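Reader: Please take one part of this model and go through it closely. I would like the charged side chains and their surroundings, then the metal site.

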Amino acid sequence: MYLKKIAFALLLCNMALSQSQNTPPNLIVIMTDDQGYADVGFNGCEDIPTPNIDAIAKNGVKFTRGYVTYPVCGPSRAGFLTGRYQGRFGFSDNPSINPNDPSAGLPVEEETIAEVLKKSNYNNAVIGKWHMGTHPRFHPLERGFDYFFGFLSGGHNYFPKKLNINDLSEVKRKWQWYATKIKENRTVVEIEDYLTDELSQSAVKYIEKQVSNDQHFMLYLAYNAPHTPLQATPKYLSRFDHIKDPKRKTYAAMVSAVDDGVGQILKTLKKSGIEENTIVVFLSDNGGAKNNGSNNRPLRGRKSDLFEGGIRVPFAMQWKGTIPAGMTYEKNVSSLDIMATIVAQNKISIDKKRTLDGVNLIPFLNGENDSEPHDYLFWRKIKYNAMAVMKGDQKLVKNKRNDFKEMFNLSSDLSETYNLIEKNNAQSKSMQLEWDLWNAELIDCIFPSLAKDEWW
Ligand code: CA
């Protein structure tokens, strides 16, 4: 009897072990909005401490050359959420906020990361900014997400008293959507705290619920901070008496609020014992903007530019026990790689007509593969007839409609100062050719732009 009991206990042990070994890794993607490349401690920031965001880099890897697929919010997020260059499906601008326009959003024919992970029985949440369309057909709950807490439009107010219209049907003028109340799934909720704190609290609650249900999950925590409007509470402002510029000071306070939130999330993972089964990614959706007091130095340009300051972002990732701690990775990686990485961990098959543009980063981080993750990275801003293509250190870029083409070596010229196009004529031509081939696979923008909104 005694031996039988031991055998039974061993059997249970083995079952528990095999279950934990087979549980797919959770994924948490923390995306900030318009945060500068230089505005995290792990990229050398001195006036805004970000110990919690830095902990992600310390626990895993910081990418010095981490790129997004577009230098403004909407298209960049569409690239991350599908793992595909968004120009392939015409998401080539910030879409109109018109809730009655069934074209202005992430095409329903595309699979989101949440829809893909559903195939491996993930529970999926998006907390914060959606920006993938406001028509009911684009709602996160229609796009593979099981939980939504946030707002459907782009930028947003942070103080509860500044959230004073129920929803987009009450919008009477441009930018008034910054004042829509927060929704939990499809229901309006009255929040009491500063929005960034509310988003962090909601994220912690969501994680705890999944842990208690023994449910693997994907959480896309899309902070709208530190995007304008510059609004911060005394609690966070009081940390920055050393910053005299009022814009930079408020921006710093907003980043600090995000950092506190990241700390709460990391603490929750540790407390729940799921650190080794959770991939955490931190990145900004594009470079620091002109209007929010951010800092992209030493990179050239800012949000909306195809220079490095628009597309190279603070980017770090941890997966304890799998990615070596304290690593610096210096080859080009992309926000597109997040989807490919999690898909590879789950061995999910992808629709052949919708090939992923990213790569599984894990072999590049654990030393199995020391080649370049990407032969080329590409960008296009169709409205401005602007383009960029990168191969290793070499970059060919035409930033705006009337700009001329320039070529830079990013390893010797990080600030894109010395145009080498005359000296490297043959190489610039071959890079242009690669871009042309890629561009031929893209389509025109499929929806009206936010810039022209006047639907109310
Ligand atoms: Ca943004």
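Author: Aspartate 305 has a relative accessible area of 7%, so it counts as buried, the limit being under 20%. This is a predicted model, and the values here are computed from it. Aspartate 305 forms a salt bridge with lysine 400, with 3.9 Å from N to O. The distance falls within the 4 Å allowed for a salt bridge. The two residues are 95 apart in the chain: aspartate 305 lies in the loop between strand S9 and helix H8, and lysine 400 in the loop between strand S15 (394-398) and strand S16 (406-409). Lysine 400 is partly exposed, at 42% relative accessibility.

Glutamate 308 and arginine 312 form another salt bridge, at 2.8 Å from N to O. Here both glutamate 308 and arginine 312 are buried.

Arginine 239 pairs with aspartate 260, and their closest N and O atoms are 2.8 Å apart. This pair, too, links distant parts of the chain, 21 residues apart, with arginine 239 in the loop between helix H6 (234-237) and helix H7 and aspartate 260 in H7. Arginine 239 has a relative accessibility of 33%, so it is classed as partly exposed. In the whole structure, 27 salt bridges are found.

Asp33, Arg77, Lys129 and Asp285 are joined in a network of salt bridges. Asp33 and Asp285 also appear among the residues that coordinate the calcium ion, together with Asp34, Cys73 and Asn286. Asp285 is listed with two OD entries, Cys73 gives its SG and Asn286 its OD1, and the coordination distances run from 2.3 to 2.6 Å. The angles among the 6 donor atoms range from 53 to 161 degrees, and the site is irregular. Along the sequence, the donor residues follow the spacing D-D-x38-C-x211-D-N. Cysteine 73, in helix H3 (residues 73-82), and asparagine 286, in the loop between strand S9 (278-284) and helix H8 (308-311), are 213 residues apart and link distant parts of the chain. Both cysteine 73 and asparagine 286 are buried.

Strand S9 and helix H7 come up again around helix H2. Helix H2 spans residues 51-59, and its buried residues include Ile53, Asp54, Ile56, Ala57 and Asn59. The elements that cover the buried residues of H2 include S9 and helix H7 (246-272), along with strands S1 (26-32), S2 (61-63), S10 (315-318) and S11 (327-329).

How values were computed
Residues are numbered from 1 along each chain as its sequence is written. This is a predicted model: local features need pLDDT of at least 70, side-chain atom pairs count only at pLDDT 80 or more; totals for chains, interfaces and linings use all residues. Side-chain values use heavy atoms; hydrogens and water are left out. Donors are N, O and S atoms within 2.8 Å of the metal (3.2 Å for Na, K and Ca); water is not among the atoms, so sites may look incomplete. Four donors count as tetrahedral if all angles lie between 85 and 135 degrees; four count as square planar and six as octahedral if opposite donors are over 155 degrees apart and all others between 65 and 115; anything else is irregular. Helices (H or I, at least four residues) and strands (E, at least two) are DSSP runs, numbered from the N terminus. Buried means under 20% relative accessible area, exposed over 50%, partly exposed in between (1.4 Å probe, protein chains only). Contact means heavy atoms within 4.5 Å. A salt bridge is a side-chain nitrogen of Lys or Arg within 4 Å of a carboxyl oxygen of Asp or Glu.
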